[in-house]
Amino acid sequence: MIVVFLIIAIFGAYSQASGTRIVVQTEHYNSITPSMQVVTDKRATGKYIEIPLRLPHGVKESGPADTGHAEYKINVPKAGLYQFWARCRWYDYAGNSFFILVDAIQVTSKTPFITDETYKKWHWVAGPALQLSAGFHTIRIQNHRDGAKMDQWLFTTAKKNRWQPTRSEKETPQYMVK
Ligand SMILES: [Ca+2]
């Protein structure tokens, strides 16, 4: 009996800590527009998406050369504040970001993007925390800097100081809309 209670207690604590998590493999897009492209790499899970390096790769870029992007349709089970994370590989300090557009196609001065300063290594990067209503949303990952790659992305109701992804995550097809 004690064991049963213990299991319930542990499971309860676990599900509270993990909250709602929506995990998407970037190669499972609903649509993709160049120069965003899909690539196979053994170090990624399955495939990844990238904005290929332009030659010459500028180190003082004025802005993206095109609006290359991939779009994903998801069904959010519960309204809330969702922390965005993405497993990325950046080329350098001028190849280390993507725009994240939610239900929008036009980049503005308020469009969030995801970036950090760890280069040439697959790792999880914290993006914006976004308020999402329950139901359907379109997530667009768009060119911000050439040389940026993304393997997976996720939304979680866990705040970033409470939980951080460390390895590849299991996709959640139940929240994806085909
Ligand atoms: Ca992948």
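The following paragraphs lead through a predicted model of a single chain, from its overall make-up to its sheet, its nonpolar cores and its calcium site.

The secondary structure of the chain consists of 1 helix and 11 strands. Read from the N terminus, the helix comes at the start and the strands follow, in the order α-β-β-β-β-β-β-β-β-β-β-β. Of the 178 residues in the chain, 46% are buried. The accessible surface amounts to about 9900 Å², and carbon and sulfur atoms account for 57% of this area. Among contacts between residues at least 6 apart in sequence, 79% join residues at least 24 apart.

One part of this architecture is an open sheet of 5 strands, arranged in the order β2-β5-β10-β7-β8 with antiparallel pairing. Its edge strands are β2 and β8 (113–115), each of which pairs on one side only. On average, neighbouring strands of this sheet are turned by 25° against each other, with direction ignored. Strands of a sheet pair through backbone hydrogen bonds, either parallel or antiparallel.

Within this sheet, β10 stands between β5 and β7. The antiparallel strands β5 and β10 are joined by 8 bridges, and Y72 has I139 in β10 as its bridge partner. On the other side, β7 and β10 pair in the antiparallel sense over 5 bridges, with I100 opposite I141 in β10. Strand β10 is also mostly covered, since 7 of its 9 residues are buried under the 20% limit on relative accessible area. Towards the edge, β7 pairs with β8 over 3 bridges, again in the antiparallel sense. Here F99 has F113 in β8 as its bridge partner.

The next topic is the packing of side chains. In soluble globular proteins, nonpolar side chains tend to be buried together. The largest nonpolar core of this model holds 28 residues, and the members that touch the most others are F98, I114, I141, M150, W153 and F155. At least two residues of this core come from each of β1 (21–25), β4 (47–51), β5 (69–76), β6 (80–90), β7 (97–102), β9 (123–132), β10 (135–143) and β11 (148–156). The greatest contribution is that of β6, with 5 residues.

W153 illustrates how such contacts reach across the sequence. Leaving aside residues up to four places away in sequence, W153 touches I22, V23, V24, T26, Y72, I74, F84, W85, A86, W124, I139 and I141. These contacts include both Y72 and I139, the bridge partners that link β5 to β10. A second, separate core has 6 residues, among them W85, W124, L154 and W163.

The chain also provides the ligands of a calcium ion. Which atoms coordinate the calcium ion? The donors are Q25 (OE1), E27 (OE) twice, T45 (O), T45 (OG1), K47 (O), D151 (O) and D151 (OD), at 2.3 to 3.2 Å. In sequence, the donor residues follow the spacing Q-x1-E-x17-T-x1-K-x103-D. E27 belongs to the loop between β1 and β2 (31–33), whereas K47 belongs to strand β4, so this pair ties together parts that are 20 residues apart in sequence.

Are these two donor residues, E27 and K47, buried or exposed? E27 counts as buried because its relative accessibility is 14%, which is under the 20% limit. K47, by contrast, has a relative accessible area of 38% and is therefore partly exposed.

Definitions and conventions. Residues are numbered from 1 along each chain as its sequence is written. This is a predicted model: local features need pLDDT of at least 70, side-chain atom pairs count only at pLDDT 80 or more; totals for chains, interfaces and linings use all residues. Side-chain values use heavy atoms; hydrogens and water are left out. A nonpolar core is a set of buried Ala, Val, Leu, Ile, Met, Phe, Trp, Tyr and Cys residues joined through side-chain atoms within 4.5 Å. Buried means under 20% relative accessible area, exposed over 50%, partly exposed in between (1.4 Å probe, protein chains only). Helices (H or I, at least four residues) and strands (E, at least two) are DSSP runs, numbered from the N terminus. Contact means heavy atoms within 4.5 Å. Donors are N, O and S atoms within 2.8 Å of the metal (3.2 Å for Na, K and Ca); water is not among the atoms, so sites may look incomplete. Two strands pair if DSSP finds at least two bridges between them. Accessible areas come from the Shrake-Rupley method with a 1.4 Å probe; for residues, only the protein chains shown count as cover. Axes are lines fitted to C-alpha atoms, for helices over the stretch in contact, and angles run from 0 to 180 degrees between N-to-C directions.
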